Amino acid sequence: MTDTAALMPRRREVHPDPYFLDYKTSITRSPSLPLLSMESTPSEETGPRFGHNKLGALDNNLISNFTQGKALAVGERIRVHGRVLDETGRPVPHTLVEVWQANAGGRYRHIKDTYFAPLDPNFGGCGRTITDENGYYEFMTIRPGAYPWPNRANDWRPMHIHFSIFGHAFGQRLISQMYFQGDPLIDLCPIAATVRDRSQLDRLVAPLDMQNSRGMDYLAYKFDIVLRGRRQTMFENKPEGM
Ligand SMILES: [Fe+2]
């Protein structure tokens, strides 16, 4: 397919500042020296590639993938779905979408998570899928709980699901978070506040999607993800770094 879209520079003013005082760990994580641009390598531009045969049948079902269908996770059953699109609105097919999240009580299955909400023996908290030819993806999962985190005296993360999208090559990987419509903690969260433009933050908030929910079964949330265009990403790698 020929890509004839115009090159569009990244709009850095809408991206979060890496250094944000209310988000304590951003102080040590943010660069203290000017960034250097580096040439991308062939492996960053061409690999890795994933095939459907590498995925298990339950990989996009977090309600049952941890036990391989033997038991179900505790929590509100939800369906999260949408499309991965490039900057010009075209679908990005056959791309790997990975998610990870806390359980219904707000606890991650991770050695460093010591929050006293219990682990759910039937919930792992990770899933993956590949977009179809229309860029469409879907997950079945449970609604993650909000959780407290050591930042300021009493900070809580809103309910959220972490997303990774690979695009067509490793160098295009995008990591972000999906929030839930109507969660009052979004407006109190220092991490959400790093996105200064409200319209940009709103694009991370998935609306309730009753049309695609199922009675007596699950609610649906719709979350479309817009990557940069394929040509723009390659352009960006050279003069600006990734
Ligand atoms: Fe999280």
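**Figure 1. Irregular arrangement of donors around the iron ion in the predicted model.** The 4 donor atoms around the iron ion subtend angles of 92 to 162°, and the arrangement is therefore irregular. A tetrahedral assignment would require all angles to lie between 85 and 135 degrees, so the upper value of 162° excludes it. For reference, the ideal angle for four tetrahedral donors is 109.5 degrees. The protein donors are Tyr-108 (OH), Tyr-147 (OH), His-160 (NE2) and His-162 (NE2), at 1.9 to 2.3 Å from the iron ion. Along the sequence, the donor residues follow the spacing Y-x38-Y-x12-H-x1-H. Tyr-108 and His-162 link distant parts of the chain, being 54 residues apart. Tyr-108 belongs to the loop between strand E2 (96–100) and E3, whereas His-162 belongs to strand E7 (residues 160–165). Both Tyr-108 and His-162 are buried.

**Figure 2. The open sheet of 5 strands that includes E7.** The strand order is E3-E2-E7-E8-E9, and the pairing is mixed. E3 and strand E9 (205–206) form the edges, each pairing on one side only. E2 and E3 run antiparallel and are joined by 5 bridges. Within this pairing, Glu-98 has Arg-128 of E3 as its bridge partner.

**Figure 3. Surroundings of Thr-129 in strand E3.** Thr-129 lies in strand E3, which spans residues 126–130. With a relative accessibility of 11%, Thr-129 counts as buried, because the limit for that class is under 20%. Leaving aside residues up to four places away in sequence, Thr-129 touches Leu-55, Asn-60, Thr-95, Leu-96, Val-97, Tyr-137, Glu-138 and Phe-139. Among these contacts, Leu-96 and Val-97 fall within the residue range of E2, while Tyr-137, Glu-138 and Phe-139 fall within that of strand E4.

**Figure 4. Strand E4 and its pairing with strand E1.** Strand E4 covers residues 136–142, and 5 of its 7 residues are buried, so the strand is largely enclosed by the rest of the structure. Strand E1 (residues 77–85) pairs with E4 in the antiparallel sense over 7 bridges. Arg-79 stands opposite Met-140 of E4.

**Figure 5. Phe-66 and its contacts from the loop between helix H2 and E1.** Phe-66 is placed in the loop between helix H2 (42–46) and E1. Its relative accessible area is 39%, so Phe-66 is classed as partly exposed. Residues touched by Phe-66, not counting those up to four places away in sequence, are Arg-109, Pro-121, Asn-122, Phe-123 and Gly-124. The C-alpha atoms of Phe-66 and Cys-126 are separated by 8.4 Å, although the two residues are 60 positions apart along the chain.

**Figure 6. Cys-126 and Cys-189 in a protein with 0 disulfides.** A disulfide is a covalent bond between the sulfur atoms of two cysteines. The count of disulfides in the model comes to 0. Cys-126 is exposed, with a relative accessible area of 51%. Cys-189, by contrast, is buried, with a relative accessible area of 2%.

**Figure 7. Positive phi values at Gln-68 and His-94.** Most residues other than glycine have a negative phi. Gln-68 has a positive phi near 55°, and phi of His-94 is likewise positive and near 55°. Gln-68 is found in the loop between H2 and E1, whereas His-94 is found in the loop between E1 and E2. The relative accessibility of Gln-68 is 53%, so this residue counts as exposed. His-94, with a relative accessible area of 47%, is partly exposed.

**Figure 8. Overall context of the close-up views, in a protein of 242 residues.** The protein contains 4 helices and 11 strands. Of its 242 residues, 43% count as buried. Among contacts in the protein with a separation of 6 or more, 69% involve residues 24 or more positions apart. The protein exposes about 13700 Å², of which carbon and sulfur atoms supply 58%.

Key. Residues are numbered from 1 along each chain as its sequence is written. This is a predicted model: local features need pLDDT of at least 70, side-chain atom pairs count only at pLDDT 80 or more; totals for chains, interfaces and linings use all residues. Side-chain values use heavy atoms; hydrogens and water are left out. Helices (H or I, at least four residues) and strands (E, at least two) are DSSP runs, numbered from the N terminus. Buried means under 20% relative accessible area, exposed over 50%, partly exposed in between (1.4 Å probe, protein chains only). Contact means heavy atoms within 4.5 Å. Donors are N, O and S atoms within 2.8 Å of the metal (3.2 Å for Na, K and Ca); water is not among the atoms, so sites may look incomplete. Four donors count as tetrahedral if all angles lie between 85 and 135 degrees; four count as square planar and six as octahedral if opposite donors are over 155 degrees apart and all others between 65 and 115; anything else is irregular. Accessible areas come from the Shrake-Rupley method with a 1.4 Å probe; for residues, only the protein chains shown count as cover. A disulfide is a pair of cysteine sulfur atoms within 2.5 Å. Two strands pair if DSSP finds at least two bridges between them.
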